[in-house]
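Biologist: Hello! I am new to this structure and would love a close look at one part of it, the place where the ligand sits. Could you walk me through that part, and then through whatever else helps me find my way around?

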Amino acid sequence: MADIETFKQENRVFAPPAEFVKNAAISGMDAYHAMCKEAEQDYEGFWAKLAKQNLQWKQPFTKTLNESEAPFYKWFEDGKINVSYNCLDVHLENGNADKTAIIFESDDATVTRVSYRELHKKVCQFANGLKSLGVKKGDRVVIYMPMSVEGVAAMQACARIGATHSVVFGGFSAKSLQERVIDAGAVAVLTSDVQVRGGKQLPLKAIVDEALNMGGCDTIKNVIVYKRGSGEINWVNGRDLWLHDVVAGQAETCEPEWVDAEHPLFILYTSGSTGKPKGVQHASAGYLLWAVLTMKWTFDIKPNDVYWCTADIGWITGHTYIAYGPLAVGATQIVFEGVPTYPNAGRFWDMVQRHKASIFYTAPTAIRSLIKAADADEKIHPKQYDLSSLRLLGSVGEPINPEAWMWYYKNVGGEKCPVVDTFWQTETGGHMISPLPGATPQVPGSCTLPLPGIAAAIVDETGNDLPDGNGGILVVKRPWPSMIRTIWNDPERFKKSYFPEELGGKIYLAGDGAIRNKDNGYFTITGRIDDVLNVSGHRMGTMEIESALVANSMVAEAAVVGKPDPTTGESICAFVVLKRPRPTGDEAKQIAKELRDWVAKEIGPIAKPKEIRFGDNLPKTRSGKIMRRLLRVLAKGEDITQDVSTLENPAILDQLKEAQ
Ligand code: 6R9
């Protein structure tokens, strides 16, 4: 897809429209620089002021930042707060009770509107129901639910009673779910009978049953099931309860549980460079503060906006920019159950048109697949729809190639909407590097500049600053309120992964490479520097997939690498050595299919290798290390030009050259 024009255009600059600048929360670059300066001059004062202005505290904090146990930083630690109170009750008190909080559109396009008053009631009843089952502050609750008002309410209900939620994306397998339940020591699973996507009902409760039957999940007392579908499901008496029964007759108000600012709001598992997913732990107040500020700064949210983030609540984007941020600022948002291609690939544009969405936030992989679809079928091209309600576009999850950026800007935004390319991570809690729509001139493919208060920098392997124009390691030099607090159950891994000694132990290592432009200081993310892949904006560890493959009794050895893919960004390519002789032809095809299905069962369909190549061995150094660098070249279909003299078995490269 990328053509040479793309690269010629990379110096194109798109200034925000004057009208946008005039009304923006942060208006013009001078305002941006002034805020950065304020943060630099009095870092704690900057954050303290914002935390007082933007959050409602039960008990105000007196200490802003505690660095005494760095890198276990604490923010606003003696303050008391409740996140759900800040997302719901505040709007009932300020006259916005009847404002629409959620416009829910189901897979089959049934639309339900829920006001702040109604959502508050739903959350309170849900919270009271959880309490009636004995769920209390500090307990962990796993949420394995589809995109739904109930899914958002489940997260808010946990926050209301001080239970720490761990949302597991509905695409993860029983095995992945079981591992997360065990690691978190959860007391309950909130799920639904099915999820509906693209006209099909897919089981969810059955996967929960399978996970809990695998053993080790003894901490689970209840499974609460939201009824979404129509069919019969398996039922475990005494453990399983319908959500409608749990909430029936519950009081419509629920006094929030006031928790310490640092109380863990949630755990969200994400992939790292080793086999085991990391339970990223976030705090309450600091996380919420950044969710609110970035809604205001990056999304320039206004009372009349119709905001739409297309992420799933199973990912961090769905946490910060669906379940918490938009509610905390009292916005009206669209929550969508379905997929972008059903009933056809014009679904997003049709929905923007029908609901008059004004802010639209999606992933480059979705944009690229919709470009393809629009090229193939004029009828679902964005130009066929009235998208004039849009005023701001956003991108998240992976680098957006300039060509996709330009298409988005022109065809969706009508060349009048700023595009905010937001760089951030599960661990950062919210946006880190992004244009401000009413200030920053945008350059396609660059996430531009750090947000005020975010000390992003580019360093070498020993932590020294690199001059602009040099590619290096992306770090953040000062703690910020919404940063990861620890890895659940594994503080040592937290230190090693994010605050490595090689970099001095106090600066945050993002895990991405980046380069800063010499002229304007703009950042461009060059991709992960560890063994983490990004497939359709989903993070996956190569080691995780390798462990799944070798867990199959046929497999002796496996190495997984990423291969550039025009639609999904990267695709998964696995090199596999079987215990039996190397298969070819139909046998190879058959075994490759079996292994793909195996990985889907072990981790989830999103982790299925697109390509599997079999060899008698893998390219290894004399000390036995697999040379993944060479495998990446082979996966791309390129010839190896590197020195292979340290390779023990160079002949193997020919065998692995081609896909079977
Ligand atoms: C929010 C989210 C994080 C990784 C991150 C990076 C990539 C995200 C990006 C981007 C370039 C952007 N990434 N946004 N790369 N430009 N605007 O996606 O969190 O799932 O934890 O993934 O995604 O590689 O390190 P998460």
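Modeller: Gladly! One thing to keep in mind from the start is that this is a predicted model.

Let us begin with the ligand. It is surrounded by 17 residues, and the closest of them are Asp421, Thr426, Asp512, Arg528 and Arg539. Three polar approaches are worth finding on your screen. A polar side-chain atom of Asp421 is 2.7 Å from a nitrogen atom of the ligand. A polar side-chain atom of Arg528 lies 2.8 Å from an oxygen atom of the ligand. The backbone takes part as well: an N or O atom of the Pro399 backbone lies 3.4 Å from a ligand nitrogen. How much of the ligand does the protein bury? Taken alone, the ligand exposes 530 Å², and the protein buries 96% of that. As for the elements that build the shell, helix 12 (316-328), strand 20 (419-422) and strand 25 (523-528) each supply at least two of its residues.

Pro399 has a sequence neighbour that is worth a stop, Glu398. Glu398 pairs with Arg368 in a salt bridge, with the closest N and O atoms 2.9 Å apart. This pair links distant parts of the chain, 30 residues apart: Glu398 sits in the loop between strand 19 (392-396) and helix 15 (402-412), while Arg368 belongs to helix 14 (residues 364-376). Glu398 counts as buried because its relative accessibility is 9%, a value under the 20% cut-off. Arg368 is buried too, with a relative accessible area of 4%.

That is one salt bridge from a longer list, since a search of the whole structure finds 45. Another joins Arg160 to Asp89, again with closest N and O atoms 2.9 Å apart. Arg160 lies in helix 7 (residues 149-161) and Asp89 in helix 5 (residues 83-93), so this pair ties together parts that are 71 residues apart in sequence. Both Arg160 and Asp89 are buried.

A third example is Glu337 with Arg228, where the closest N and O atoms are 2.6 Å apart. Here both partners are in loops: Glu337 between strand 17 (332-336) and helix 13 (347-355), and Arg228 between strand 11 (222-226) and strand 12 (240-242), so the bridge connects parts 109 residues apart in sequence. The two partners differ in how covered they are: Glu337 is buried, with a relative accessible area of 2%, whereas Arg228, at 24% relative accessibility, counts as partly exposed.

Next, a pair of positions that a database record points to. In an unreviewed entry, UniProt places the feature "binding site" at Val550 and Val555. Val550 is in helix 17 (residues 542-550), and Val555 is in strand 28 (residues 555-565). Are they buried or exposed? Val550 counts as partly exposed because its relative accessibility is 39%, while Val555 counts as buried because its value is 3%. Leaving aside neighbours within four places in sequence, Val550 is in contact with Val555, Ala556, Glu557 and Ala558. With residues up to four places away in sequence likewise not counted, Val555 touches Val550 in return, along with Leu549, Val576, Val577, Leu578, Lys579 and Leu595.

Last, turn to an earlier stretch of the chain. The UniProt annotation "domain: Acetyl-coenzyme A synthetase N-terminal", also from an unreviewed entry, covers residues 32-87. This span is 48% helix and 11% strand, and its end C-alpha atoms lie 27 Å apart. A good residue to select here is Phe76, which is in the loop between strand 2 (74-75) and strand 3 (80-81). Phe76 is buried, with a relative accessible area of 0%. Apart from residues up to four places away in sequence, its contacts include Trp47, Ala48, Ala51, Trp57 and Phe61, as well as Ala261, Ala285, Gly286, Leu289 and Pro481. One more residue to look up beside it is Glu262: Phe76 and Glu262 are 186 residues apart in sequence and 7.6 Å apart in space, C-alpha to C-alpha.

If you would like a route for your own tour, start at Asp421 by the ligand, go on to the bridge between Glu398 and Arg368, and finish at Phe76 in its loop.

Technical notes
Residues are numbered from 1 along each chain as its sequence is written. This is a predicted model: local features need pLDDT of at least 70, side-chain atom pairs count only at pLDDT 80 or more; totals for chains, interfaces and linings use all residues. Side-chain values use heavy atoms; hydrogens and water are left out. UniProt positions are given in the numbering used here, feature names are shortened, and annotations may be inferred rather than shown by experiment. Helices (H or I, at least four residues) and strands (E, at least two) are DSSP runs, numbered from the N terminus. Buried means under 20% relative accessible area, exposed over 50%, partly exposed in between (1.4 Å probe, protein chains only). Contact means heavy atoms within 4.5 Å. A salt bridge is a side-chain nitrogen of Lys or Arg within 4 Å of a carboxyl oxygen of Asp or Glu. A residue is near a molecule or strand if one of its heavy atoms lies within 4 Å of it. A polar contact is a pair of N or O atoms within 3.5 Å; within protein, one must be able to donate a hydrogen and the other to accept it, and residues adjacent in sequence count only if both atoms are side-chain atoms. Accessible areas come from the Shrake-Rupley method with a 1.4 Å probe; for residues, only the protein chains shown count as cover.
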